[in-house]
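User: I have a structure open and want to go through it with you. Can we start with one helix and work outwards?
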Amino acid sequence: MTNISIFSAKILLMAYYFENDGIEALNSYISENNPSKIFVLTDNNTRKFCLKTFENSTNIKFTSVNFKNGDNHKNLQTLTVLWEKLMRKGADRKSLIINLGGGVVTDMGGFVAATFKRGVKFIHVPTSLLGMVDAAIGGKNGINFMEVKNQIGTIMQPEFIWINTEFLKTLPQDEFISGFAEMLKHGLIADSSYWEELKDFHQNPSDVKLSELIKTSVNIKNRIVQKDPFEQDLRKLLNYGHTVGHALESYMNYQKHIKLSHGKAVAAGMIIEAYLSYKINDLTLNDLNDIKQSINVIYPVIKLSINDIKQIIDLMQFDKKNENGVIKFVLLNTIGAADFNKEVPEALLFEAFEFYLS
Ligand SMILES: NC(=O)c1ccc[n+]([C@@H]2O[C@H](COP(=O)([O-])OP(=O)(O)OC[C@H]3O[C@@H](n4cnc5c(N)ncnc54)[C@H](O)[C@@H]3O)[C@@H](O)[C@H]2O)c1
Ligand SMILES: [Zn+2]
């Protein structure tokens, strides 16, 4: 019993620092904990675009460790190389690893830290929008295995997360748009006024607003994860748009060889799943049309043939959320509230795709 309560206490103690507050947090963490050595993990892009900014804003001494950017490098080979680099550079149990990068770096870095010497302390400094509002939050880490995403990993929380939106200045626009879809998702599943603010931000963007919006997204995800760290129930809500989104993403990228970002696929998924929410749950036609129009302004419709749709629906059968071969969805009740584990008849899926394409 004691162990369980200690463990959940650690889960509840997730700390976030925003903007310049992170500098002080980092400095005091280091002086209080006195790590034997500090390693900063980057990929090629974050080494090039973010490492200097990081170095200039803190006064800590660190050794940098780098790997090639891209989700296709989030694998066992890279993991082995990173463990080896840490060994050679003298990392020990009391070292600290700072993961400076997008979701690939925080996923890999979290897993490296969780496993090296049976676990060393780590801090996430996400540099992509998706990293800030999604990947760095919630303690999931890991690698792709046998070409299947996120098959091997642990759930382990960083010491804290420092979100510094300064890093977004060098993030490519397409990556920004991809991360923004997860923010829209947070509004749709949990907070209707946040959904309105996001729509407004798209019309009148500003750095100050963006920083506030990121905070709201972090709070929404954090609140959900704290209630259900191991995805027994409530955490499934974060999969809204993803049952269709994942299938569409893998179909386009691996079968059609047309590059489609995660966020763009999820954006389409959110419209399709909103239609299902209208048919099966209580989502109104008004809200459905609002969701479709607002998302389409940012994410143009992806053209799909009948055959494409058939194949995407087949792929959904493999979605990890399915139990006993039944496709389970997260469906909205209204903008700002959702249910999970909802079953959908296959025929309705075709109709939902048709609505998306209409
Ligand atoms: N652990 C989780 O809960 C969770 C949740 C969602 C996604 N993920 C994982 O996150 C990954 C996707 O994250 P992502 O979209 O951040 O991908 P990413 O880490 O590959 O970053 C996207 C691209 O932007 C570059 N980049 C990052 N920050 C930059 C900056 N400030 N300036 C210039 N370039 C920069 C990266 O090098 C990369 O080329 C996937 O592997 C996904 O499985 C994990
Ligand atoms: Zn996602």
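**Helix H5 and beyond**

Analyst: Let's start with what packs over helix H5: the cover on its buried residues includes strand E2 (38-43), strand E3 (63-67), H6 and strand E6 (143-145). Keep in mind that this is a predicted model.

User: Which residues of H5 are buried?

Analyst: Leu79, Leu82 and Leu86 are buried in H5. Viewed down the helix axis, the buried residues of H5 fall within an arc of 65 degrees, so they line one face of the helix.

User: And what does the face turned away from the buried side carry?

Analyst: On that face of H5 sit the exposed residues Gln77, Thr80, Glu84, Met87 and Arg88.

User: How many residues does H5 have, and what is its reach?

Analyst: H5 runs over residues 76-88, which is 13 residues. From first C-alpha to last it reaches 18 Å, close to the 18 Å expected at 1.5 Å a residue. Just after H5, Gly90 takes a positive phi of about 85 degrees.

User: Switching to the overall layout. Which domains is the protein divided into?

Analyst: Domain 1 covers 2-171 and domain 2 covers 173-358. Their C-alpha centres lie 27 Å apart. The contact between them takes 20 residues from domain 1 and 21 residues from domain 2.

User: Which elements supply the domain 1 side of that contact?

Analyst: Helix H1 (2-12), strand E1 (16-18) and helix H7 (129-135) each supply at least two residues there. H7 gives the most to that side, with five residues. By type, the domain 1 residues touching domain 2 divide into 14 nonpolar, four polar and two charged.

User: Stay on H7 for a moment. Leu129 is in it; is that residue buried or exposed?

Analyst: Leu129 has 27 other C-beta atoms within 10 Å, and the cut-off for buried is 20 or more, so Leu129 is buried.

User: What does Leu129 touch?

Analyst: Leaving out residues up to four places away in sequence, Leu129 touches Leu168, Leu171, Glu175, Phe176, Gly179 and Phe180. As for Ile98, 31 residues apart from Leu129 along the chain, the two C-alpha atoms are separated by 18 Å.

User: Now the ligand. Which residues come nearest to ligand 1?

Analyst: Asn45, Gly102, Gly103, Val104 and Ser128 come nearest, out of the 30 residues around ligand 1. The shell divides into eight nonpolar, 14 polar and eight charged residues.

User: Which elements supply the shell around ligand 1?

Analyst: Helix H3 (44-49), helix H6 (103-115), H7, strand E7 (148-152) and helix H8 (173-190) each supply at least two residues. H7 therefore turns up in two places: in the ligand 1 shell and on the side of domain 1 that touches domain 2.

User: Two more residues. Where is Leu213, and what does Leu213 touch?

Analyst: Leu213 lies in helix H10 (residues 207-227). With 23 C-beta neighbours inside 10 Å, Leu213 counts as buried. Beyond residues up to four places away in sequence, Leu213 touches Met183, Glu197, Leu198 and Phe201. The C-alpha atoms of Leu213 and Phe201 are separated by 8.8 Å, and the pair is twelve residues apart along the chain.

User: Last one, Tyr254: buried or exposed?

Analyst: Tyr254, found in helix H11 (residues 242-255), counts as exposed, with 10 C-beta neighbours inside 10 Å. Its C-alpha atom and that of Ser36 are separated by 44 Å, with the two residues 218 residues apart along the chain.

Terms used:
Residues numbered from 1 in each chain as written. Chains lettered and ligands numbered in written order. Predicted model: local features only at pLDDT ≥ 70, side-chain atom pairs only at ≥ 80, totals over all residues. Domains from an automatic or database assignment. Contact = placed C-beta atoms within 7 Å. Helix = DSSP H or I, 4+ residues; strand = E, 2+ residues; numbered from the N terminus. Nonpolar A, V, L, I, M, F, W, Y, C, P; charged D, E, K, R; others polar. Near = placed C-beta within 6 Å. Expected span 1.5 Å × (residues − 1). Buried ≥ 20, exposed ≤ 12 C-beta atoms within 10 Å, placed from the backbone. Arc of directions from axis to C-beta.
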